[in-house]
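Q: I would like to learn how to read the empty spaces inside a protein. Can we work through an example together?

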Amino acid sequence: MNLTVPRVGITAAASFLPPREVTTDELQARVAAASRLPLPTGMMARATGIERRRVAADDEYASGLAIASARTVLAEADLDPLDIDLLLFASATRDMVEPATAHVVQAALGSRAHALDVTNACNSFLNGIDLARAMILAGRARRALVVTGETPTRAMRPRLDGMAQARTALAGYTFGDAGAAVLVEPVATGGIVDVDSETHSEHWAVGGIFGGGSRHPRGDEHTYFTGDGAKLSGVFEKIGAGLLERVAHRTGLGWDDYAAVLVHQVTVPYLRRFVEIVGVPEEKLVITVPELGNVASATLGVQLDRVRPRLTGGDKVLMVGLGGGVSLMTMVWEVSA
């Protein structure tokens with residue numbers, strides 16, 4: 001009797017960045033002028049450590065960033081879109097409330113895969129990879145394309161109604177836009193070897209974009225990101241270290257065993273705090289936040305695309321996701337030989 005557990009891994013990855021770049025100082029100047037407020041020079045840059053970010057043009061949509069990434073992945077893997085039988089658009093952003101943005105992506109690619117959206121704030125992409133893996137192991141799919149397209153800069157508040165509002169709006173000024181995609185399929189060696197998650201939903205109201213649903217179906221006020229960044233960071237600090245300790249205990253892997261550690265990045269100060277709390281060597285990280293800002297669920301996809309050229313068979317990568325709601329997620333991926 002063969003009791004070998006099938007292996008499923010990531011076999012290709014790509015990302016896409018909109019060409020337009022906006023510095024944090026430019027962003028602050030624009031908000032200050034619209035608000036007619038004397039914001040201290042360099043206030044946003046000092047608070048976030050973010051120097052610049054990419055911003056999608058008015059005619060660029062979340063689906064478009066995902067489509068560009070997906071086409072690169074398919075070309076790299078030498079696959080036709082019809083070779084995909086599961087397509088997941090896994091993102092905090094979507095083109096519209098209905099239909100699912102996955103259908104927009106599928107129509108552009110020319111696939112006929114089972115297509116649906118996966119949404120869980122900044123953990124959406126990691127959740128999408130995990131769902132793809134589960135469906136393949138369950139025999140419901142053979143080869144999955146998981147894509148994300150994030151345009152959270154459109155949730156930045158363009159004008160502040162006084163300095164008091166700056167506190168709840170600041171987290172929105174960390175955003176940048178990006179897309180990413182990965183191919184998930186059975187592999188002979190390596191693969192995704194461990195997944196864990198922890199959810200504390202009592203904190204769902206700490207931050208988010210609360211419009212577009214049944215609570216606030218209309219009104220621009222609800223389309224801007226509102227949240228308390230300090231509270232969100234505090235929750236992640238409180239529960240994050242325990243999750244990583246469980247991963248280490250279960251897998252027997254320490255920091256030296258990982259070729260790279262990919263972590264969701266919101267601001268430079270919080271990334272430094274993460275390093276301090278969990279003790280990960282900084283050289284293991286792929287640091288993107290100073291140049292790209294918080295690109296939501298595309299963060300790990302962009303980092304994976306950047307680190308992939310230096311990975312070889314047998315290398316292990318730890319991915320750490322943090323998402324509003326709040327949820328934390330880890331995934332250990334071993335590169336196939």
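A: Start with the walls of the largest cavity: its lining residues divide into 11 nonpolar, 1 polar and 2 charged. Here Ala, Val, Leu, Ile, Met, Phe, Trp, Tyr, Cys and Pro count as nonpolar, Asp, Glu, Lys and Arg as charged, and the others, Gly among them, as polar. The model is predicted, with local features needing pLDDT of at least 70 and side-chain atom pairs pLDDT 80 or more, while totals for chains, interfaces and linings use all residues. Residues are numbered from 1 along each chain as its sequence is written, and side-chain values use heavy atoms, without hydrogens and water.

Q: What is a cavity, and what is a pocket?
A: On a 1 Å grid over the protein atoms alone, a cavity is a set of points where a 1.4 Å probe fits but cannot get out; a pocket is an open set with protein on both sides within 12 Å along at least five of seven lines; lining residues have an atom within 4 Å of a point. This structure holds 1 cavity of 30 Å³ or more.

Q: Which residues lie nearest the centre of the largest cavity?
A: Of its 14 lining residues, these are Phe236, Gly240, Tyr270, Phe274 and Val278. Helix H7 (229-251) is one of the elements that supply at least two lining residues, and H7 gives the most, with 6. Helices (H or I, at least four residues) are DSSP runs, numbered from the N terminus.

Q: How do the residues lining the second largest pocket divide?
A: There are 7 nonpolar, 1 polar and 6 charged. Helix H1 (residues 24-35) provides the largest share of that lining, 3 residues.

Notes: Grid points are joined across faces, edges and corners, and a volume is the space filled by probe spheres set on the points.
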